[in-house]
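Here is a set of questions and answers on how terms are applied to one protein chain. Each answer sets a value against its cut-off.

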Amino acid sequence: MESKSFFRFLFFFIAIAFLLLFTWSHLPSAPSPRFTTLLDCASNSPWCTSKNRFQSNQPTPTPSQKPDSSTSSRRLRRHESAVPRHPLDPLTVQEFNKVRSILSSHALFKSSNNYALHSVVLEEPDKDLVLKWEKGQPLFPRTASVIARANGVSHVLTVNLETAEVNVQNTAPPTGYPAMTIEDMTSSIWAPLSDAKFNRTIIERGVNLDDLSCLPISLGWFGKKEENRRLIKVQCYSMKDTANFYMRPIEGLTVLLDMDTKEVVEISDTGRSIPIPKATNTDYRFSEQKLQQQLNLINPISIEQPKGPSFVIEDEHLVKWANWEFHLKPDPRAGVVISRAKVRDLDSGVTRDVLYKGFTSELFVPYMDPTDAWYFKTYMDAGEYGFGLQAMPLDPLNDCPRNAYYMDAVFAAGDGVPYVRSDMICVFERYAGDIGWRHAESPITGMEIKEVRPKVTLVVRMAASVANYDYIVDWEFQTDGLIRIKVGLSGILMVKGSEYENMNQVEGQENLFGTLLSENVIGVIHDHFITFYLDMDIDGSDNSFVKVNLKRQQTSPDESPRKSYLKAVRNVAKTEKDAQIQFKLYDPSEFHVINPTKKTRVGNPVGYKVVPAGTAASLLDHDDPPQSRGAFTNNQIWVTPYNRSEQWAGGLFVYQSQGDDTLAVWSERDRPIENKDIVVWYTLGFHHIPCQEDFPIMPTVSSSFDLKPVNFFESNPILRTPPNVEKDLPVCRPAATA
């Protein structure tokens with residue numbers, strides 16, 4: 001018997017050793033700089049995609065692979081020769097390579113056996129310099145802002161690209177780490193395979209290692225035991241018989257990993273009694289739908305523009321459309337950055353400032369399950385993963401319509417090598433049959449008047465796939481001066497495995513922490529909070545924030561047959577705490593940003609107002625660790641004085657941070673904001689109680705808020721725009737069956 005046990009053990013040991021050798025020999029890695037200085041994600045997607053997960057049955061690309069299309073080839077050549085033309089233009093390929101070269105010879109990195117660049121972006125020139133700059137003038141000295149880790153320490157640096165001077169700043173936040181690199185995530189999901197206990201557990205749970213798919217999960221911060229080392233949790237799924245592995249969780253299995261050493265610190269397996277959900281009906285790909293016929297509910301539709309779109313993009317990043325112009329660029333953390341947005345007053349012909357800079361500052365996504373395998377799922381998608389890094393190439397005709405313009409991004413990998421995120425942003429005109437303005441006169445007046453104007457808008461779009469969830473972010477510009485910021489939620493739910501197949505098995509009021517969506521699958525309740533940074537410059541930088549409160553007024557018996565009416569009471573915020581706003585349905589207000597020194601013809605201060613929507617608020621305790629880190633969601637609106645170091649609502653270093661460098665902390669200083677250069681922060685909020693219609697993939701749910709002119713123009717700015725007439729529109733030949 002002992003001999004048989006020995007041989008069984010020996011066989012098992014050899015099998016595990018072979019598996020580990022095979023695993024590590026097939027690890028994906030960044031292409032060597034010896035053969036390329038520019039990586040195109042279209043041809044190297046398993047390396048630089050955001051879907052950083054272990055898929056042992058997907059081959060790793062080789063350096064010899066080239067982009068398939070001539071379009072990709074043209075894109076590569078253009079990026080390699082690109083030069084900046086505007087002070088806010090992102091770093092170019094040549095500049096990324098120069099940063100990498102300069103840092104490689106710096107003492108901090110020469111002395112480090114293991115360093116990584118977590119962020120390499122343009123250090124934007126001072127705002128007052130940018131405001132004075134005009135096209136044709138020389139650019140200011142170009143400087144890169146770098147966040148790096150070397151010898152286990154985080155550093156914030158600037159690199160002067162003209163002088164090669166490196167300035168190491170001593171301004172790192174007290175807690176937290178930089179956002180993960182793609183390499184951090186990729187290596188972390190492979191690391192558990194070096195642990196025999198992990199492999200044994202997977203096999204015991206009935207999953208073949210070839211069918212394993214794992215995700216890197218940020219763990220927030222929950223106490224001192226998690227301090228002084230970069231940690232990450234890894235959870236895994238079975239992708240057998242489906243591409244939608246998210247619906248097949250290996251429930252309760254969690255690996256705690258040291259992200260720097262790749263040491264498995266702890267393996268928790270609390271779900272052995274929970275079956276892995278079946279793959280049936282989980283695949284969302286069109287090619288895999290097995291019904292008798294596809295659902296052709298509508299005929300194909302497309303907006304045609306025979307004369308081409310009405311917008312132009314100059315020098316790669318300056319967008320001009322109708323009466324708008326703005327600078328547009330991709331960012332690895334924020335996604336899309338809109339800068340220097342100006343609208344032309346059609347009466348005076350003057351182009352006027354509206355928004356100096358706007359972007360997605362942070363996303364906070366807490367799940368409402370306090371159990372062992374779920375309590376830590378409280379994601380900060382921008383500061384932990386990089387919202388722009390997770391942006392996927394947009395799909396022409398489906399993500400964006402015909403005549404859309406596509407913009408690539410160039411980002412730096414962890415070793416500083418630049419790579420292309422192709423088609424990350426699209427720009428297009430939208431006409432959805434909406435009405436810009438209208439009036440038809442009643443027949444009783446005897447006047448036959450019907451005046452209607454169509455609404456055509458310009459949309460800037462990106463879509464980020466942060467593992468399972470997809471976020472669609474639109475910046476939409478209207479000719480009446482309104483800017484609409486819209487967020488759509490789609491993708492796949494993060495689900496929990498369950499013993500239950502039907503609700504009739506659930507006893508009484510047992511808390512499932514969500515909804516039973518299919519057999520053995522629970523969609524867990526969660527929130528989404530998307531906080532936007534809005535540096536408003538209404539006809540100049542010095543602005544004020546005004547809360548216009550609607551108050552019910554009582555009438556006296558002899559004053560009017562009415563007993564009550566509403567009065568607008570205006571209060572100018574003097575300091576930050578005056579402008580901390582929580583929405584109240586029965587205490588309504590408008591929220592204006594005005595320039596008190598600029599008045600209309602009749603004496604009103606010019607301004608814009610924030611028109612709220614997506615007003616779900618966080619209901620977590622303020623001292624709950626996730627909410628301490630996400631305290632920027634304690635209010636729906638904040639206003640702070642402009643400070644170039646305060647751009648990220650969750651802090652500069654979000655990963656494992658303790659909430660000591662957030663918007664809520666900065667605003668406690670209660671600084672003056674009246675007639676100052678101010679920044680408005682707005683949080684769109686969603687509560688999500690999953691339902692069966694969200695399975696296996698979610699129809700998009702959207703919400704938006706507006707920045708709307710309020711006394712900014714002397715009158716309706718689109719009064720003189722013409723209506724549509726038949727002769728101006730394209731004539732499309734109808735289908736024979738129509």
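The questions below deal with the chain as a whole, then with a serine, two helices and a surface patch.

Q: How should the numbering and the values be read?
A: This is a predicted model, in which local features need pLDDT of at least 70 and side-chain atom pairs count only at pLDDT 80 or more, while totals for chains, interfaces and linings use all residues. Residues are numbered from 1 along each chain as its sequence is written, and side-chain values use heavy atoms, with hydrogens and water left out.

Q: How many helices and strands are in the chain?
A: The chain has 11 helices and 33 strands. These are DSSP runs numbered from the N terminus: H or I of at least four residues for helices, E of at least two for strands.

Q: Why is S112 called buried?
A: Buried means under 20% relative accessible area, exposed over 50%, and partly exposed in between (1.4 Å probe, protein chains only). S112 has 8% relative accessibility, so S112 counts as buried. S112 sits in the loop between α5 (107-110) and β2 (115-122). Of the 738 residues in the chain, 53% are buried.

Q: What makes the approach of S112 to N114 a polar contact?
A: A polar contact is a pair of N or O atoms within 3.5 Å; within protein, one must be able to donate a hydrogen and the other to accept it, and residues adjacent in sequence count only if both atoms are side-chain atoms. The S112 side chain reaches the backbone oxygen of N114 at 3.0 Å. A polar atom of the S112 side chain also lies 3.4 Å from the backbone nitrogen of N151.

Q: How do you know that the buried residues F198, N199, T201 and I202 are on the same side of α8?
A: In helix α8 (residues 196-204), F198, N199, T201 and I202 are buried. They cover an arc of only 160° around the axis, so they lie on the same side of α8. The arc is that of the directions from the helix axis to the C-beta atoms.

Q: Why is helix α7 described as mostly covered?
A: Seven of the nine residues of α7 (residues 182-190) are buried. Among them are M185, I189 and W190.

Q: Why is L295 called exposed?
A: L295 has 68% relative accessibility and therefore counts as exposed. L295 lies in the loop between β9 (264-269) and β10 (312-314).
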